[in-house]
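Here are a few exercises to work through with the model open beside you. Try each task on your own before reading its solution.

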Amino acid sequence: MAGRFVPRPAHASPDGVHRRPAVPHPAPPVDGIRRRWTPSGPYDLGLVLGPLRRGPADPTFRAAPDGSYLRTGRTPAGPGMLRTVARGGAVEAEAWGPGAEWMLEQLPDLLGAADDPEAFTPRHRLLAETLRRRPGLRLCRTGLVMESLIPSILEQKVTTVEAYRAWRSLVRAYGEPAPGPALPSGERLYVVPDARTWTLIPSWEWHKAGVDAKRSTTILRAVRVARRMEEAAAMDPEPAAARLRLIPGIGPWTAAETVQRSNGAPDALTVGDLHLPGIVGHALAGDRDADDAAMLELLAPYAGQRHRAARLILLSGRTPSRRAPRMPIGDIARL
């Protein structure tokens with residue numbers, strides 16, 4: 001149960017947020033280590049890395065004004081920060097921290113080198129037109145499960161605003177400052193907490209972050225077998241998702257949202273989503289009231305590529321107009 005263990009000592013910062021002391025690491029050089037990777041064919045770095053951002057103020061990801069993208073990660077070798085920028089037909093990367101070499105070794109997979117966009121054949125005018133306008137779409141593969149699984153659990157049954165707020169609060173309070181330079185604003189990104197630290201978060205801190213007991217308990221179940229969860233990144237997408245679903249509280253929706261990112265799964269369609277069936281139904285058949293069964297039928301011609309088809313539909317902007325008020329944003333921390 002959340003709050004079973006006493007958390008590590010926390011220190012109050014000037015903004016009043018209690019954070020545990022950062023784990024010390026050797027001071028990284030101002031310049032990290034670098035690698036350059038050249039994709040084949042059209043390429044859009046923003047489309048590739050976009051799914052990894054959990055809101056505009058994600059403390060683990062930032063799009064910089066100069067067109068570069070920074071993301072942090074807790075790799076098997078330790079924490080790291082990666083900066084990527086598209087320049088001259090190639091992607092230039094620089095990484096810092098104990099996990100820097102691992103991040104650069106995995107760089108091609110992260111940027112979609114293992115993805116095969118040629119396997120997708122559009123069978124609807126909307127998809128063909130979107131593919132023509134967005135030829136640089138590739139599906140990323142992070143090779144890291146927990147960094148996608150935990151925020152996906154936080155997004156269960158709540159608005160994205162609530163989920164993003166919880167993610168920011170918990171990572172800033174219990175993560176550690178990312179290695180490497182600060183942002184131009186002076187702000188630092190954070191590395192997601194390790195598995196043990198997640199288990200030390202007391203129940204009242206989950207509550208303050210707006211996370212109910214069901215979601216926090218699911219996260220605690222997952223982090224206690226984090227090593228087994230991370231092994232799923234090297235598996236084929238279907239058995240990887242099946243392994244994640246062995247954890248009570250993790251269903252098809254959460255598993256798909258995770259393996260889309262960790263495994264670069266082109267067929268991991270998000271089933272059980274509140275909005276996606278209506279969006280797909282509206283785009284392909286003019287049916288804004290489509291349910292999961294109707295969505296699966298509409299996307300059946302794209303078997304093996306259903307997640308890519310859904311991404312293209314979302315990128316098309318062909319979404320139905322809103323007919324009802326937005327779902328109210330809750331704040332259980334006030335209870």
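**Exercise 1.** How do E5 and strand E6 (residues 78–87) pair, and over how many bridges?

*Solution.* A quick note before we start: this is a predicted model, where local features need pLDDT of at least 70 and side-chain atom pairs count only at pLDDT 80 or more, while totals for chains, interfaces and linings use all residues. Residues are numbered from 1 along each chain as its sequence is written, and side-chain values use heavy atoms, with hydrogens and water left out.

Step 1: know the terms. Helices (H or I, at least four residues) and strands (E, at least two) are DSSP runs, numbered from the N terminus. Two strands pair if DSSP finds at least two bridges between them.

Step 2: read off the pairing. E5 and E6 run antiparallel, joined over seven bridges. Arg74 sits opposite Pro79 in E6, and the two strands make a hairpin with two residues between them.

**Exercise 2.** Place E5 in its sheet: what is the strand order?

*Solution.* Step 1: look at the other partner. E4 and E5 pair in the antiparallel sense over three bridges, with Ala63 opposite Tyr69 in E5. Their hairpin has five residues between the strands, and there Gly67 takes a positive phi near 90°.

Step 2: assemble the sheet. Five strands form an open sheet with antiparallel pairing, in the order E3-E7-E6-E5-E4. Strand E3 (33–37) and E4 are the edges; each has a single partner strand, so one side of each has no neighbour in the sheet. From one strand to the next, the twist averages 20°.

**Exercise 3.** Is Thr60 buried or exposed? Do the same for Thr160.

*Solution.* Step 1: set the cut-offs. Buried means under 20% relative accessible area, exposed over 50%, and partly exposed in between (1.4 Å probe, protein chains only).

Step 2: apply them. Thr60 counts as buried because its relative accessibility is 10%. Thr160 has a relative accessible area of 47%, so Thr160 is partly exposed.

Step 3: add the surroundings. Thr60 lies in the loop between helix H1 (45–49) and strand E4 (61–63). Leaving aside residues up to four places away in sequence, Thr60 is in contact (heavy atoms within 4.5 Å) with Leu70, Arg71, Thr72, Trp167, Val171, Leu189 and Tyr190. Thr160 belongs to helix H6 (residues 160–174). The C-alpha atoms of Thr160 and Arg54 are 8.7 Å apart, although 106 residues separate them along the chain.

**Exercise 4.** How many residues of helix H5 (residues 146–154) are buried, and what covers them?

*Solution.* Step 1: count. Nine of the nine residues of H5 are buried.

Step 2: find the cover. It includes strand E5 (69–75), H6, helix H7 (195–199), helix H9 (213–223), helix H10 (226–231) and helix H12 (252–262). E5 is itself mostly covered, with six of its seven residues buried.

**Exercise 5.** At what angle do the axes of H5 and H6 cross?

*Solution.* Step 1: get the geometry. Axes are lines fitted to C-alpha atoms, for helices over the stretch in contact, and angles run from 0 to 180 degrees between N-to-C directions. The H5 and H6 axes come within 8 Å and cross at roughly 130°.

Step 2: classify. Angles under 35 degrees count as roughly parallel, over 145 as roughly antiparallel, 65 to 115 as roughly perpendicular and the rest as oblique, so H5 is oblique to H6.

Step 3: list who meets whom. Glu147, Ile150, Pro151 and Leu154 in H5 meet Ala163, Ala166, Trp167 and Leu170 in H6.
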